[in-house]
Amino acid sequence: MGSFEFESNSWIWDGVYSYQHLFGGIMLTVAVLGLSTSYFSGIWMPGLPWFWPDLGVLQKKRRRKRPIRVYMDGCFDLMHYGHANALRQAKALGDVLVVGVVSDEEIISNKGPPVLSMEERLVLVKGLKWVDEVIANAPYEITEQFMDTLFNEHKIDYIIHGDDPCLLPDGTDAYALAKKVGRYKQIKRTEGVSSTDIVGSKTSLFPDSDVASDVYAHLAGRILSFMKDAESSDSGVNKMLTEQPQHLDGKQAEKSPSGGPQTSHFLPTSRRIVQFSNGKGPGPNARVVYIDGAFDLFHAGHVEILKKARQLGDFLLVGIHTDQTISEHRGCGHPIMHLHERSLSVLACRYVDEVIIGAPWQVSKDMITTFNISSVVRGTVAENNTLLKDDIDPYAAPKSMGIFQVLESPKNITTTSVAQRIIANQAIYKKRNAKKAVSEKKYYEEKKFVHETDGS
């Protein structure tokens with residue numbers, strides 16, 4: 001990691017360097033007085049060679065490196081692995097990552113109502129392991145005034161964005177000023193998902209100012225793609241949320257609103273998992289806390305309950321259920337995000353130490369022993385799991401061992417409630433999609449390989 005150098009001398013040595021003649025005179029006077037024992041009445045004065053540092057310090061300023069501070073902004077309206085990977089890359093370009101979260105008012109005036117509130121989006125961004133500082137209510141456009149604030153007040157060295165287009169309503173580049181002054185750096189857009197391929201209308205849902213709007217479009221498209229079925233049913237949205245067709249897992253196809261197939265282009269790799277992982281296991285005497293769930297459409301409620309669980313021990317292990325398990329308990333339309341996507345979202349959370357990808361529904365004694373689990377917890381707010389009758393209590397084993405605990409969920413948010421917000425505003429979202437279509441199409445037509453920054 002490169003760093004800027006800056007002066008770290010004390011005020012004394014700065015003065016010595018700047019006023020050499022003055023200090024030279026003082027030193028000569030002290031030397032003369034030091035040789036006169038009668039003046040000091042016998043008080044010992046150390047010899048000059050030992051008392052004074054090497055005079056070479058007057059010509060050489062000692063230096064140390066200052067951390068590079070980088071800035072990246074976005075709406076971050078629904079946090080997903082694309083956002084997380086963008087911020088991971090941004091952090092790799094500096095030492096301190098400052099993230100600006102665009103205000104609700106700015107999003108409304110530029111794009112329409114956000115799905116999540118500012119408070120919810122702040123919780124999600126602050127919960128990412130690569131984020132050091134957050135600027136709330138950041139402007140949608142990087143103006144000259146805001147750029148001066150970043151450089152002077154927040155001591156930002158570089159402004160970061162992805163290789164995808166970020167255009168203002170008038171068609172100009174939102175980062176033109178940063179590029180002009182040479183304080184702009186680019187990262188690779190999260191690979192594997194194209195909104196023009198996955199949304200039947202060939203438009204991007206929820207165009208965002210961050211680098212991963214394509215992923216956002218993907219999950220929004222999955223929800224909205226079932227509206228046609230929901231509108232034709234008697235029970236409307238609720239039926240849609242429990243009887244929508246199975247979402248993709250990378251191998252199957254799902255229907256778009258227009259009736260054509262959609263394909264998930266998410267490309268999970270072992271390298272990506274390593275990049276998101278802490279890479280450390282629990283210590284020999286660590287108190288391991290276990291919590292499991294779907295963690296679908298990763299939201300502020302998930303972050304808060306994970307934070308609360310982590311405070312109960314030294315190591316938080318999170319079990320993430322398989323797509324098949326979730327579908328069996330919640331309906332064939334769940335989960336919206338598939339296993340690998342959900343795993344990366346959870347791994348990106350700063351309160352999580354490790355995940356079990358495809359955790360079993362039942363927490364067995366053998367599993368507790370294998371992972372040396374000290375406590376098994378769950379929150380009070382969760383999706384209804386009523387499809388399987390006479391289902392065995394998944395926490396029977398930890399309850400019998402006296403290590404099960406129910407935590408009061410800090411937020412009353414669920415995956416279904418978030419999905420219903422999207423559905424409620426679908427007309428607005430669809431209307432604004434057309435504005436993004438042209439730039440999205442141009443991006444993919446002119447797309448070139450961009451090396452991904454991993455900090456190694």
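**Salt bridges, buried helices and the largest pocket**

Colleague: How many salt bridges does the count come to?
Modeller: The model is a predicted one. A salt bridge here needs a side-chain nitrogen of Lys or Arg within 4 Å of a carboxyl oxygen of Asp or Glu. By this rule the count comes to 10 salt bridges.

Colleague: Which strands are linked by the pair Arg69 and Glu133?
Modeller: The side chains of Arg69 and Glu133 meet in a salt bridge, with N to O at 2.9 Å. The two residues are 64 residues apart, so the pair links distant parts of the chain. Arg69 belongs to residues 69-74 and Glu133 to residues 133-138, which are strands E3 and E5.

Colleague: Is Arg69 buried or exposed?
Modeller: Buried means under 20% relative accessible area. Glu133, at 33%, is partly exposed. Arg69 has a relative accessibility of 15%, so this residue counts as buried.

Colleague: Which helices hold Asp104 and Arg121?
Modeller: The side chains of Asp104 and Arg121 form a salt bridge at 2.4 Å, N to O. The pair ties together parts that are 17 residues apart in sequence, because Asp104 lies in residues 104-110 and Arg121 in residues 118-126. These are helices H5 and H6.

Colleague: What is the relative accessibility of Arg121?
Modeller: Arg121 is among the buried residues of H6, along with Met118, Glu120, Leu122, Val123, Leu124 and Val125. H6 is largely enclosed by the rest of the structure, because seven of its nine residues are buried. For Arg121 the value is 0%.

Colleague: Which elements do the buried residues of H6 pack against?
Modeller: Seven of the nine residues of H6 are buried. Their packing partners include two strands, E4 (96-102) and E5. The full set is E4, H5, E5, helix H14 (300-310) and helix H19 (415-424).

Colleague: Which residue forms a salt bridge with Lys179?
Modeller: Lys179 is partly exposed, with a relative accessible area of 40%. The residue that pairs with Lys179 is also partly exposed, at 28%. The closest N and O atoms are 2.6 Å apart, and the partner is Asp173.

Colleague: Where is Arg342, and what backbone oxygen does its side chain reach?
Modeller: Arg342 sits in helix H16, residues 339-347. Arg342 has a relative accessible area of 1%, so this residue is buried. Its contacts include Phe295, Asp296, His321 and Met337. At 2.8 Å, its side chain reaches the backbone oxygen of Ala294.

Colleague: How many of the nine residues of H16 are buried?
Modeller: The buried residues are Leu339, Glu341, Arg342, Ser343, Leu344, Ser345, Val346 and Leu347. H16 is therefore largely enclosed by the rest of the structure. The number of buried residues is eight.

Colleague: Which residues lie nearest the centre of the largest pocket?
Modeller: The largest pocket holds about 620 Å³ of space. Its lining is made up of 34 residues. Strand E10 (288-293), H14, helix H15 (323-330) and strand E13 (373-379) each give two or more residues to that lining. Nearest the centre are Asp292, Gly293, Arg330, Arg378 and Ala382.

Colleague: How many charged residues are in the lining of the largest pocket?
Modeller: The lining can be divided by class. There are 14 nonpolar and 11 polar residues. The charged residues number nine.

Conventions: Residues are numbered from 1 along each chain as its sequence is written. This is a predicted model: local features need pLDDT of at least 70, side-chain atom pairs count only at pLDDT 80 or more; totals for chains, interfaces and linings use all residues. Side-chain values use heavy atoms; hydrogens and water are left out. Helices (H or I, at least four residues) and strands (E, at least two) are DSSP runs, numbered from the N terminus. Buried means under 20% relative accessible area, exposed over 50%, partly exposed in between (1.4 Å probe, protein chains only). Contact means heavy atoms within 4.5 Å. On a 1 Å grid over the protein atoms alone, a cavity is a set of points where a 1.4 Å probe fits but cannot get out, and a pocket is an open set with protein on both sides within 12 Å along at least five of seven lines; lining residues have an atom within 4 Å of a point. Grid points are joined across faces, edges and corners, and a volume is the space filled by probe spheres set on the points. Ala, Val, Leu, Ile, Met, Phe, Trp, Tyr, Cys and Pro count as nonpolar, Asp, Glu, Lys and Arg as charged, and the others, Gly among them, as polar. A polar contact is a pair of N or O atoms within 3.5 Å; within protein, one must be able to donate a hydrogen and the other to accept it, and residues adjacent in sequence count only if both atoms are side-chain atoms. Lists of a residue's contacts leave out its neighbours within four places in sequence.
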